[in-house]
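Please read the following points with the sequence and the model side by side. They deal with the annotated domain, the sheets and the spaces between the atoms.

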Amino acid sequence: MNAQEVRKLFPILHQEVNGKPLVYFDSAATSQKPVPVIEALEKYYREYNSNVHRGVHTLGTRATDAYEGAREKVRRFINAKSTQEVIFTRGTTTSINTVAASYGLSNLSEGDEIVITPMEHHSNIIPWQQVAKKTGATLKYIPLQEDGSIDLADVENTVTEHTKIVSVMHVSNVLGTINPVKEIGAIAHKHGAIMVVDGAQSTPHLKVDVQDLDCDFFAFSSHKMCGPTGIGVLYGKKALLNKMEPVEFGGEMIDFVDLYDSTWKELPWKFEAGTPIIAGAIGLGAAIDFLSDIGLENIHRHEEELAKYAIEQMSEMEGITIYGPKERAGIVTFNIDEVHPHDVATVLDAEGIAVRAGHHCAQPLMKWLNASSTARASFYLYNTKDEIDSFVKGLVTTKEYFGHVF
């Protein structure tokens, strides 16, 4: 993979910020969009903008074909058995909330257990907190190792015959930890629990095969994988989805409506109430084509090299704490002694370098790290080692600005 060639397809990267070439290290929050995705969105709005499924006119047919064609692209991309298992949502948050509200509330009761980890994004904590409060179930946490990884022995000790749901992020948005979700899922299934995977940070970077993972639900977002904002996917095993009730009601998801009762469409449409995010799905399909052409294995290898290179450079500097395990995805989260992460991000921004600062929607993990917040540099297929060199120089500038001595 030639990152310099890839960069040419991302118009937003070819600009200056504060008089310096833009270095975008915030892809874990949202990725930039390549020309093929932008053009796919523009073509839809310029040439065949129309609602889907119900219209019989030409534009409606073209829109429906493109929308459902995107669903098939998603199916192939994650290796689902059927497009009936691919539900379009607003994103990972909506997907997990759907599982919690539909499956969780209907299948849990007092004495049951929900198992997650302290590293989860708030979107994979709060829905389960609410389910636990409403059903009387107990929320349990798999302990973390000192480096922020998970030991399967701890999973075995936490998951019991009372556990009904295990929900774990595939890749940590803070630590870069790549969790063994396949093995965790096997432990969950051994005890009769279902396995939910938050794939927001893995799907853009790793080859995902939901059948190989044998997860029951898998959630991810388009905007982190070169696609548009506002759309994501919930994968679910067909047998489970068929038993679940919709959580939103209205047009598009109905089969027949009477004055006092209604019936629902078959999968996947019973979970897609209202006019769907048509342009978003088409844009996501274009993003999948783009990433597939480059190859997820190539992307992951490139990001691992960038993270390793960044950590090597940063480790030579005094007063910097780097969080997370040695083996990680393309995320480096850190703090500079006695400098608030927001100040770090502000100085770097003055150098044209965009990083994230804050609690990263992971406040329980911040507490575990004994830090109120951190700074985070996250890499993607369009980043280069030259940009990391600029980033490290920016860290030197930050330390000098705040009076630190190497």
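1. UniProt positions are given here in the numbering used for this chain, with feature names shortened, and such annotations may be inferred rather than shown by experiment. According to the unreviewed UniProt entry, the annotation "domain: Aminotransferase class V" covers residues 23–391. Over residues 23–391 the chain is 40% helix and 17% strand, and the end C-alpha atoms lie 8 Å apart. Helices (H or I, at least four residues) and strands (E, at least two) are DSSP runs numbered from the N terminus.

2. The model is a predicted one, in which local features need pLDDT of at least 70 and side-chain atom pairs count only at pLDDT 80 or more, while totals for chains, interfaces and linings use all residues. Residues are numbered from 1 along each chain as its sequence is written, and side-chain values use heavy atoms, with hydrogens and water left out.

3. An open sheet of 7 strands follows the order β4-β10-β9-β8-β7-β5-β6, with mixed pairing, where two strands pair if DSSP finds at least two bridges between them. Because β4 (86–89) and β6 (138–141) stand at the edges with a single partner strand each, one side of each is left without a neighbour in the sheet. From one strand to the next the twist averages 20 degrees; axes are lines fitted to C-alpha atoms, for helices over the stretch in contact, and angles run from 0 to 180 degrees between N-to-C directions.

4. Within this sheet, β8 (residues 194–198) and β9 (residues 217–221) pair in the parallel sense over 3 bridges, and Val197 has Phe218 of β9 as its bridge partner. Helix α7 (residues 181–190) packs on the sheet and touches β7 and β8, its direction making about 155 degrees with that of β8; contact here means heavy atoms within 4.5 Å. Helix α4 (residues 92–107) lies across β4, β7 (163–169), β8, β9 and β10 (232–236), and runs at about 150 degrees to β9.

5. A second open sheet, of 4 strands, has the order β13-β14-β17-β16 with antiparallel pairing. Its edge strands, β13 (320–323) and β16 (356–358), each pair on one side only, and the twist averages 30 degrees from one strand to the next. Strand β16 is joined by 3 bridges to the antiparallel β17 (residues 374–378), in which Arg376 stands opposite Arg356.

6. On a 1 Å grid over the protein atoms alone, a pocket is an open set of points with protein on both sides within 12 Å along at least five of seven lines, a cavity is a set where a 1.4 Å probe fits but cannot get out, and lining residues have an atom within 4 Å of a point. Grid points are joined across faces, edges and corners, and a volume is the space filled by probe spheres set on the points.

7. Which residues lie nearest the centre of the largest pocket? Of the 20 residues in its lining, these are Thr89, Arg90, Thr94, Glu248 and Phe271, and the pocket holds about 360 Å³ of space. The largest share of that lining, 4 residues, comes from α4.

8. The second largest pocket holds about 290 Å³, and among its 18 lining residues Ala28, His121, Asn173, Gln201 and Lys224 are the closest to its centre. The count of cavities of 30 Å³ or more comes to 1. The largest cavity, of about 50 Å³, has a lining that includes Ala28, Gln201, His205 and Glu303.
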